[in-house]
Amino acid sequence: MSGRIIGFVIWAAVGVLFIGSGLRCFKAKKPSGFWANAKTAPIEDVRAYNRTMGKVWCVYGAVFMVLGLPMLLGDGLWIMVSVVGVMAESIALMAVYTTGIEKKYRKK
């Protein structure tokens with residue numbers, strides 16, 4: 001039982017890091033990056049873009065933590081619910097960013 005709780009606490013700590021990243025976006029003066037090691041596209045309204053990115057990362061972190069709850073149930077099969085859920089959430093996040101956020105705020 002204690003191993004499951006420790007695993008969930010670590011999982012939740014990662015979720016808190018995502019939320020912290022989102023909160024950092026709200027105060028950023030430069031456009032917040034999305035892709036690792038890639039320059040952010042030129043953005044028209046940096047403040048609105050960063051506000052949107054902050055909300056996205058906060059929601060991502062909260063959903064990430066909720067997806068970790070099945071880990072507390074114990075059976076090895078439940079961890080797959082968490083893993084597959086996070087994979088689906090990450091793919092959805094990439095799709096939303098690419099088709100919605102970047103397209104809306106990119107300089108034309």
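# Reading a three-helix model

Reader: Let's start with helix H1. Which residues are buried there?

Author: Phe8, Trp11, Ala12, Gly15, Gly22 and Cys25 are the buried ones in H1. Keep in mind as we go that this is a predicted model. To call a residue buried, you look at its relative accessible area and ask if that is under 20%. Cys25 sits at 3%, so it counts as buried.

Reader: Okay, and what covers the buried residues of H1?

Author: The cover includes H2 and H3. For H2, its own buried residues pack against H1, which covers residues 2–27, and against H3.

Reader: How many helices and strands are there in the protein?

Author: Three helices and zero strands. Going along the sequence, you read the pattern α-α-α. The C-alpha trace spans about 55 × 25 × 20 Å along its principal axes.

Reader: How do I judge the length of a helix, say H1?

Author: Compare its end-to-end reach with what you'd expect at 1.5 Å a residue. H1 has 26 residues, and from its first C-alpha to its last it reaches 38 Å, close to the expected 38 Å. Now try H2, residues 46–67: with 22 residues, it reaches 31 Å, close to the expected 32 Å.

Reader: Which residues of H2 are buried?

Author: Quite a list! Among them are Ala48, Tyr49, Met53, Trp57, Cys58 and Phe64. Across the whole protein, buried residues make up 32% of the 108 residues.

Reader: You've mentioned Cys25 and Cys58. How many disulfides does the structure hold?

Author: First the general idea: a disulfide is a covalent bond between the sulfur atoms of two cysteines. Here there are zero. Cys25 is in no disulfide, and the nearest cysteine sulfur to it belongs to Cys58, 8.1 Å away.

Reader: Why is the sulfur of Cys58 not in a bond with that of Cys25?

Author: The two sulfurs are 8.1 Å apart, and that is too far for a bond. The cut-off used here is 2.5 Å.

Reader: What about salt bridges? Which side chains meet in one?

Author: Here you look for a side-chain nitrogen of Lys or Arg within 4 Å of a carboxyl oxygen of Asp or Glu. The side chains of Glu102 and Arg106 fit, at 2.8 Å from N to O. By this rule the count comes to one.

Reader: Is Glu102 buried or exposed?

Author: Glu102 counts as buried because its relative accessibility is 15%. Its partner Arg106 has 37%, so Arg106 counts as partly exposed. Both are also in contact with Ala41.

Reader: Where does Ala41 lie?

Author: In the loop between H1 and H2. Loop residues can be checked for burial in the usual way: Ala41 has a relative accessible area of 12%, so it is buried. Now look across the model to Phe8, which is 33 residues from Ala41 along the chain; their C-alpha atoms are separated by 36 Å.

Reader: How do I read contacts for a residue in a helix, like Ser82?

Author: Set aside residues up to four places away in sequence, then see what is left. Ser82, found in helix H3, touches Trp11, Leu67, Gly68, Pro70 and Met71 on that basis. Ser82 is buried because its relative accessible area is 0%.

Reader: And what is Tyr105 in contact with?

Author: Tyr105 is also found in H3. Leaving aside neighbours within four places, its contacts include Pro42, Ile43, Ala48 and Tyr49. At 11% relative accessible area, Tyr105 is buried. Compare its position with Trp78: the two are 27 residues apart in sequence and 39 Å apart in space, C-alpha to C-alpha.

Reader: What share of the contacts join residues at least 24 apart?

Author: Among contacts between residues at least 6 apart in sequence, 73% do.

Reader: Last one: which residues form a nonpolar patch on the surface?

Author: Look for Leu77, Ile79, Met80, Val83, Val84 and Met87. Together they have about 530 Å² of accessible area. Take Leu77, in helix H3 (residues 76–105): at 63% relative accessibility, Leu77 counts as exposed. For the protein as a whole, the accessible surface comes to about 7,000 Å², and 71% of that belongs to carbon and sulfur atoms.

Terms used. Residues numbered from 1 in each chain as written. Predicted model: local features only at pLDDT ≥ 70, side-chain atom pairs only at ≥ 80, totals over all residues. Heavy atoms only, no water. Patch = residues over 30% accessible without salt bridge, like charges linked within 9 Å, V, L, I, M, F, W, Y side chains within 5 Å. Areas by Shrake-Rupley, 256 points an atom, 1.4 Å probe, with all protein chains shown as cover. Helix = DSSP H or I, 4+ residues; strand = E, 2+ residues; numbered from the N terminus. Buried < 20%, exposed > 50% of the residue type's maximum accessible area, 1.4 Å probe, protein only. Expected span 1.5 Å × (residues − 1). Contact = heavy atoms within 4.5 Å.
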